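Q: Please take a close look at one part of this structure, namely how a pair of helices packs together. I should also like to see that part set within its chain, and the chain set beside its partner.

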Amino acid sequence: MDTANQTTGGDAPAPVKIALRNVFKVFGDRPDVAIRMVREGRGKEEIHAATGCTVGVNDASFDIHAGEIFVIMGLSGSGKSTLLRLINRLIEPSSGEILVDGQDITKMSRRELIALRRRDMSMVFQSFALLPNRSVLDNAAFGLEVAGVSEGERHEKARAALQAVGLAAYAESRPDQLSGGMKQRVGLARALASEPTVLLMDEAFSALDPLIRAEMQDELLRLQSEHSRTIIFVSHDLDEAMRIGDRIAIMQHGKVVQVGTPDEIVSSPANDYVRSFFRNVDVSQVFRAGDIARESQVTLIERRGLAIPAALERMRQHDRDVAIVVGRDKTYHGMVTADSLAKAARSGGEDPYRKALLSEVEPIAADETLSDVMGKVAESPHPVPVVDAERRYVGAISKSALLRTLDRSGN
Amino acid sequence: MQDLNLGIGEGADAVVNYVLDHFTPALDGIATGIGFVTDGIRAALTGVPAPAVIAAIALLALWRVGWKFAVFAVAALLLIGGMGLWERMMETLSLVLAATGIAILIGVPLGIAMARSNVVQMVARPVLDLMQTMPAFVYLIPAAMFFGLGAVPGTIATVIFAMPPVVRLTNLGIRQVHSEFIEAGLAFGCTPMQLLLKVQVPNALPSIMAGINQTIMLSLSMVVIASMIGAGGLGNTVLTGIQRLDVGTGFEGGLAVVVLAVLLDRITQSFGQKRAPSGLRALFARRSEGAAQQPAVVSKA
């Protein structure tokens, strides 16, 4: 508990914008009993067995300063998205205080809360959540429309917001005509249009591929340098957190285990879990294959066969020797090399690409620990594909990615 | 078991009699209201000359479905005219429109209420099951007793029989709106009413339209039965065929019902889909889409 409140902020110049004081969220019918058991120091499993309740957020207390990018980081299931939703009360906190500009939002009436969401807070979602029946402009203007701003004014502001994210030319398009990165720009424009002071971003860039993700991070930093807002950013990606975060809160099993600047967290991690992100004694036991798998390989989607020349061209463009073949629902079908594809194309026959699938490549399960898969990755001449429980392709682990992860234990 | 009689039938009788004794003014009021609607629609539809109606339906078919269907629509309508059933068909159409309109007016709000409250859903579900599975003829008896003979009891019986799909599919459609859309709506400060009108209903629209389509189809089948209590229309032709064992007349009436069903089904179904695949709409859409997609290509390059 003591580490939870340890805010190792340096000179802390900016005033406090948002403050959480002993915030709990318990899912289930008997939150009071569950909270009492938490205070008595009982474990999550024990509480679940006794009350049927799940502790989502366990005694979170920290300050967020005006104008900073505050990243909430943790593995999936650590309660970071829940914590974010407590701040605009999309999820009702079970107990504790959440102060925004000194006002306790947990005590606000429904009407005050709606006014707060319209005036001060907006949100960006992982899967964009753009309304499909509206044009890009009307999506961007949504918050203003709901707040009762006249059509002329809200369109003007929405256009300015679209301009700011570089999408002014697409105002009349429909969301389904845009790529993922562009959709999230619209999501960002929608959040900026009402000129909020607080921006809540829930894994906002996680659904984007790595290049676009980096681009969007830069975009966010640029927007932040032009007009400073308080941004609370949930992420499971360490690199992202280090890249954009002024300060980082690390969550584990619903508890905030450490709050600090990236440097502070690296130099004095609060416990082994935090250390494991950077320099655990045995990173390979903490991380699982799914955690470090990256979708940086070329994927070929199989729909009624595969156009081999187009596949080869894409591999050439991305300068890759291998590619992953997946079904339309992302189920993993196999791995091919440029050589095997070319050979298969020459041999012809029905579905030639099937012959190109490398028989020796076996995918690894996302929940295997790194120590279990290390051998496979080391022996394989190619990056090794990772699949989830439903055999959907999650990403691939290359030797260099594995080494980089293991190397964190060294520095 | 044969000697046992729980008196459920007597109970139903008693309820009907009680209503007749005590609520006649209210029933008359309802009858007048519904009569006004059905008579109005009927007068409007039969007042328009046939060529104008055919032209209007053909244009609608061309706009929503495609030119082939428009040709079919014209041919089918001319066929009905050729069988001498034009008047009757217009009567049936007006009954269907009136019944569907009333069913939507009651059914959509009820479906929304069911989606918002599990209690309402729990209460409404068995009632809907009852409305849907009770043999249609059973409604006709009390409907005729309450409202006399004619188009009004026919409309009411039709509304009862045809309403469940639009209620169910409205409920389902709203419940299935993606939770992230709901979260987005709330996060940007929607009031419950704004959430309903700006997020839930627009996203549930395909489902609601499918419900309306089913309601129209069911009301068409019920309207034929309703002719037994004097609702008129194509049902009369079919009924005459049955009473006189005149296969030819019955078949003509039946054929006209089928044609009307196909026209209504295809046209209303097209409103549930996002974009009609061909026809006038596609011609316009192609042009504007081309303009919209051009910049998308440039940015990806």
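A: The answer below starts with the chain that holds the helix pair, turns to the pair itself, and then moves outward to the other chain.

The model is predicted. Chain B contains 14 helices and zero strands. Read from the N terminus on, its elements are therefore written as α-α-α-α-α-α-α-α-α-α-α-α-α-α. Chain B has 301 residues, and 38% of them count as buried. Contacts can also be sorted by separation along the sequence. Among contacts in chain B between residues at least 6 apart in sequence, 75% join residues at least 24 apart.

The pair to examine is helix H12 (residues 234-243) and helix H13 (residues 247-272) of chain B. Two packed helices are described by the angle between their axes and the distance between the axes. For H12(B) and H13(B), the angle is about 155 degrees and the axes lie 7 Å apart. An angle over 145 degrees counts as roughly antiparallel, and H12(B) and H13(B) are therefore roughly antiparallel to each other. Their crossing is left-handed.

The residues that meet can be named on each side. H12(B) contributes B:Leu234, B:Thr237, B:Val238, B:Thr240, B:Gly241 and B:Ile242. H13(B) contributes B:Val247, B:Thr249, B:Gly250, B:Glu252, B:Gly253, B:Gly254, B:Ala256 and B:Val257. Taken together, the residues of this contact divide into six nonpolar, seven polar and one charged. Glycine is counted among the polar residues here, a point to remember when reading names such as B:Gly241, B:Gly250, B:Gly253 and B:Gly254 in the contact.

Chain B also touches chain A. The contact takes 20 residues from chain B and 22 residues from chain A. On the side of chain B, the elements that give two or more residues are helix H10 (179-187), helix H11 (192-226) and helix H14 (280-300). Among the elements of chain B, H10(B) gives the most to this side, with six residues. The residues on the side of chain B divide into eleven nonpolar, five polar and four charged.

Chain A is built from both kinds of element, with 19 helices and 16 strands. Buried residues make up 43% of its 411 residues. Among contacts in chain A between residues at least 6 apart in sequence, 66% join residues at least 24 apart.

The strands of chain A call for a word on pairing. Strands of a sheet pair through backbone hydrogen bonds, either parallel or antiparallel. One open sheet of three strands has the order S11-S12-S13, with mixed pairing. Its edge strands are S11 (298-301) and S13 (332-337), each of which pairs on one side only. The twist of this sheet averages 30 degrees from one strand to the next. S11(A) and S12(A), the latter spanning residues 322-326, pair in the parallel sense over four bridges. A:Ile324 in S12(A) is the bridge partner of A:Thr299.

Another open sheet of three strands has the order S14-S15-S16, and its pairing is mixed. S14 (364-365) and S16 (393-397) of chain A stand at its edges with a single partner strand each, so one side of each is left without a neighbour in the sheet. S14(A) pairs in the parallel sense with S15(A), residues 384-387, over two bridges. In S15(A), A:Val387 is the bridge partner of A:Ala365.

Strand S6(A) shows how side chains are arranged along a strand. A:Met121 and A:Met123 point one way from S6(A), A:Ser122 and A:Val124 point the other way, and all are buried. S6(A) runs parallel to strand S7 (residues 198-202) of chain A, and four bridges join the two. A:Val124 has A:Met201 in S7(A) as its bridge partner.

Two residues of chain A deserve notice for their backbone. A:Ala129, in the loop between S6 (121-124) and helix H5 (136-140) of chain A, has a positive phi of about 55 degrees although it is not a glycine. A:Ala129 is buried, with 24 other C-beta atoms within 10 Å. A:Asn22 is likewise not a glycine and has a positive phi of about 50 degrees. A:Asn22 lies in strand S1 (residues 16-27) of chain A. With 15 other C-beta atoms within 10 Å, A:Asn22 is partly exposed.

Key
Residues numbered from 1 in each chain as written. Chains lettered and ligands numbered in written order. Predicted model: local features only at pLDDT ≥ 70, side-chain atom pairs only at ≥ 80, totals over all residues. Pairing = 2+ DSSP bridges. Axes fitted to C-alpha atoms, helices over the stretch in contact; angles between N-to-C directions. Contact = placed C-beta atoms within 7 Å. Buried ≥ 20, exposed ≤ 12 C-beta atoms within 10 Å, placed from the backbone. Parallel < 35°, antiparallel > 145°, perpendicular 65-115°, else oblique. Left-handed = near helix turned anticlockwise from the far one by under 90°.
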